[in-house]
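Work through these exercises with the structure open beside you. Each task is followed by a solution in steps.

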Amino acid sequence: MSTPTSGGTDERVSATGKRVGRAAREWATAQARAEAEAARGNALPSPGTPIIEVTDLGKSYGRVIALRGVTTSVRAGEVTCVLGDNGAGKSTFIKILAGAHRHSEGTFEVDGVEQHLDSPRDALTLGIATVYQDLAVVPLMPVWRNFFLGSEPVRGRGPLRRLDREFMKRTTRDELLKMGIDLRDVDQPIGTLSGGERQCVAIARAVYFGARVLILDEPTAALGVKQSGVVLKYIAKARERGLGVVFITHNPHHAYPVGDRFMLLRRGRSIGDYAKSEITLDELTSMMAGGAELESLAHELARDMGDSSPVVAELKADVEGDHEADREADHVADAEPDVESP
Amino acid sequence: MSTIAAADERVARTSPLGRLMKRPEIGALVAAVAIFVFFAVTTDVFATLSGSATWLRSASTIGIMAVAVAMLMIGGEFDLSAGAMTGFAGLVVGILTTEYGLNVWLAILVSLALALAVGFVNGLIVMRTGLPSFIVTLGTFFVLQGIDLAGTKALIGQVAIQGMRNVPFYDQPQKLFGSSMEIGRGTFYVSIVWWVAVTAVATWVLMRTRVGNWVFAVGGAQHSSRQVGVPVAKTKIGLFMGTAGCGWLVGMLLLFTTSTVQSNTGVGQEFVYIICAVVGGCLMTGGYGSAIGAALGALIYGMANQGIVYAGWDNNWLKAFLGVMLLTAVLLNEWVRKRAEEAR
C-alpha cells in the first residue's frame, strides 16, 4: 500500500503502475479498461516541465472576438492562475483548454505537440481534467459511490458481477488522504461534507482518473474565507504531487499565495503573463481592479454626484488603496490561508 | 499504513445498532413490528398460520409492485400506470387464450412484450420531452384503464375473464404463478416466494451493482450524473420497463391464482404502491430509498388490511390508517433527508 504522504516522483509512478494492473483486471468493460489505461499511461513529468503551452491563442465566434493574444504555460508542479473580471474571457479560455471549444488562432501545445481538441474526452485522454463549479456530485450518495460514479470497478461474472466495494472504499479513503482529507467514514453522504471538502473530493477524483493538468473553474467563488483557505491548501497539495494546475479566479488574494504564474485577462485580451518573481500582490491587485479605469470612474462620478458622495469617497479610497496597498496588506493577512510554501 | 488502519478503527466504532438506525427502512421495520404485535395480541387469528397466510398473500402482490415502484422513485420518477398495468397484463392473457385459443405460454409472452413496450414508451416520452413522469404516466394510466374496460367488453362481451381453467396447458403456468402449499392450516401461495425473490434481486441490484449506483445517481442529481458519464436515459427507461415488467408478473400471479381477472383490476392500487414505497423510506424527490423498505411497507399494508377484518372493525378504517402512515413517513423521510444533506 502506498504511503499517504507522497514521496518522490518515482515512487508515485510505480504506485500508479500497480494500480493500473489491479484496476485493469477488474474494470467493467473493455472500453472502460482502454480509457483507464490511456488516462493512466500519462505519467507525470518532472516538476517545471511545461505540459501545456499556448501562444497567441485566440477564439472568435463569427465576428465576435471572444479571446485573443493569450500566451502562457502550465507546468508540472506549478499553479497557473487565470485572473479576470466577469466577461474577461476566462470561460472561453477554459473551454479551449478543456476541449469544449476549438481555438481559432494561435497554437495550443501539449507536451510540445500541437493539438486541436474536439471534445472534452480528447482533453481527458491527454490528462487534462476540468473540475466545474457544480462539481458533478450527488449529495445524498456516500462519498465512495460518488468518487467512482460513472466508472465503477466491478468483480465477478454474469449475474454475480458486482461493485468492488472494498476496493472502492479503500481507494477513496487513500486518495482523499493523499489530498490531506482524513474522513472518518467514506460511507457518509457527500452532502454532509463542507463545500471545500466536496471540492477536494472532485479534485481527488480527477487526479485518480489520470489527470496531469487540473483546471479549476472558480473553485473559491462560492465559498467563505475559511473554506476558500481549505481549497487553496488542496491546490497547493495537488501542486506538490506534481500536477499542473490552472486556477481560474477573480480574486488576486486567493491567487497570489498559491500561484506560480499569473495570466490576466481583460475584455478578451491578455494583459500580461507573469511569473511570481515578476509581480507583487499589489501590482496584481491594481491590474485586476483596473487602477486607471477606477480613477477615471471616480472622476466621472465626482462630476455627476459631487465630491462628498459616499460612493465616490469609497472609490477614491480604493484607488489610493491600490497605490499604497496598506489596507490591502491587512486584507491579505486575513484572507491568506495556511499554505505551506514549497 | 498506520494512519489508514487508524481510520478503519474509527469507522468500526459505529455500533451495528447505530448503523441500523441510519438505514432508510428503519421506520418501516419498527412500524411493521408494532402492527404485528398489536394485531397478534388483540385478535385470535392474526398470528396463526392460516391468518398469516392470508395477510402475506395480500402483501405479496402489493409488495412486488411496491419494490418496483420504489426503484423507480429512487431513480426520481413515478409510474401511475403501474396499477392498471397488472390488470392489463392479466386481461391480455385471458382474452388471447379463452377467446382466440392462443397457446397459453405464447399469450404470456405476448403480454410480457406488450407490458415492456408500454414501460419503454413511458420512459421514452419522459426522457425525450422532459415532462414530469407524473403527468406522462397519468396519461398512460387512463389509456390502459380505457383499454382494460372498453376493450375487454368489446372483445369478450363481459367485464371479467371466464373459462380460464378450460384453457389447454393451463396447469403449467398455474404451477409457476398460482400454486400454493399447505403448512398447518395455512395456504401459502407462491406469490409470496415471488415477492421475496423480487425484493432480493432489487436489493442486490441497488446496493451491489453499477446499475444500482446509477439509479441512485440519476434520482439524486441527474445533471451531475450525466457529466460523469452515467447513461441517464438508459437507466431511467430501464426502470420504467422494470416497473411494467413487475406489473406483468403481478398480472400473471392474479390471473393464475384466482383463474380470473376483472377489467378494473389494479385500478386505484398505483397510490398504494407509492405509499408503501414512501413508508419504506423512499423520498418523493428521488435519490434515496430501499427495496426492503418498500417490501416492509407492503407488509404493513397487508397486515393492516387483514388485521382490521380480524378485529371486526369497519374495513374503511384502512384508508384512514394508510393516510396517517403516509403522512408520518413523509415527515420522517424529510427529516432524514435534511440530516443527510446538511453540512456538518
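A nonpolar core is a set of buried Ala, Val, Leu, Ile, Met, Phe, Trp, Tyr and Cys residues joined through C-beta atoms within 7 Å. The model used here is predicted.

**Exercise 1. Which residues touch the most other members of the largest nonpolar core?**

Step 1. Take the core as a whole: it has 179 residues.
Step 2. Pick out its best-connected members. They are A:Leu214, B:Ala66 and B:Ile300.
Step 3. Ask which element gives the largest share. Helix α4 of chain B, residues 49–74, supplies 16 residues.
Step 4. Follow B:Ala66 outward, leaving aside residues up to four places away in sequence. B:Ala66 touches B:Tyr273, B:Cys276 and B:Ala277. B:Ala66 also touches B:Ala294, B:Ala295, B:Gly297 and B:Ala298.

**Exercise 2. Decide why helix α8 of chain A is largely enclosed by the rest of the structure.**

Step 1. Locate the helix. α8(A) covers residues 225–240, 16 residues in total.
Step 2. Check its span. The first and last C-alpha atoms are 23 Å apart, close to the expected 22 Å.
Step 3. Apply the burial cut-off: 20 or more other C-beta atoms within 10 Å of the residue's own.
Step 4. Count. In α8(A), 12 of the 16 residues are buried, so the helix is largely enclosed by the rest of the structure. Among them are A:Val230, A:Leu232, A:Tyr234 and A:Ile235, but also A:Lys233, A:Lys237 and A:Arg239.
Step 5. Find the packing partners within chain A. The buried residues pack against strands β3 (79–84), β9 (213–217) and β10 (244–249). They also pack against helices α7 (195–208) and α9 (252–258).
Step 6. Look just past the helix. A:Gly242 takes a positive phi of about 95 degrees.

**Exercise 3. Compare two annotated segments of chain B with the model.**

Step 1. Start from the record. An unreviewed UniProt entry places "transmembrane region" features in chain B, including residues 104–127 and 188–207.
Step 2. Take residues 104–127. This stretch is 100% helix and 0% strand, with end C-alpha atoms 35 Å apart.
Step 3. Take residues 188–207. This stretch is 85% helix and 10% strand, with end C-alpha atoms 29 Å apart.

**Exercise 4. How far do pLDDT values support chain B?**

Step 1. Read the chain average. The mean pLDDT of chain B is 89, and 92% of its residues reach 70 or more.
Step 2. Find a weak stretch. Over residues 1–12 of chain B, pLDDT stays under 50. The model has 11 contacts beyond four places in sequence for these residues.
Step 3. Add the scores for the model: ipTM 0.83 and pTM 0.77.

Conventions
Residues numbered from 1 in each chain as written. Chains lettered and ligands numbered in written order. Predicted model: local features only at pLDDT ≥ 70, side-chain atom pairs only at ≥ 80, totals over all residues. Helix = DSSP H or I, 4+ residues; strand = E, 2+ residues; numbered from the N terminus. Expected span 1.5 Å × (residues − 1). Contact = placed C-beta atoms within 7 Å. UniProt positions renumbered as here; feature names shortened; annotations may be inferred. pLDDT = per-residue confidence, 0-100.
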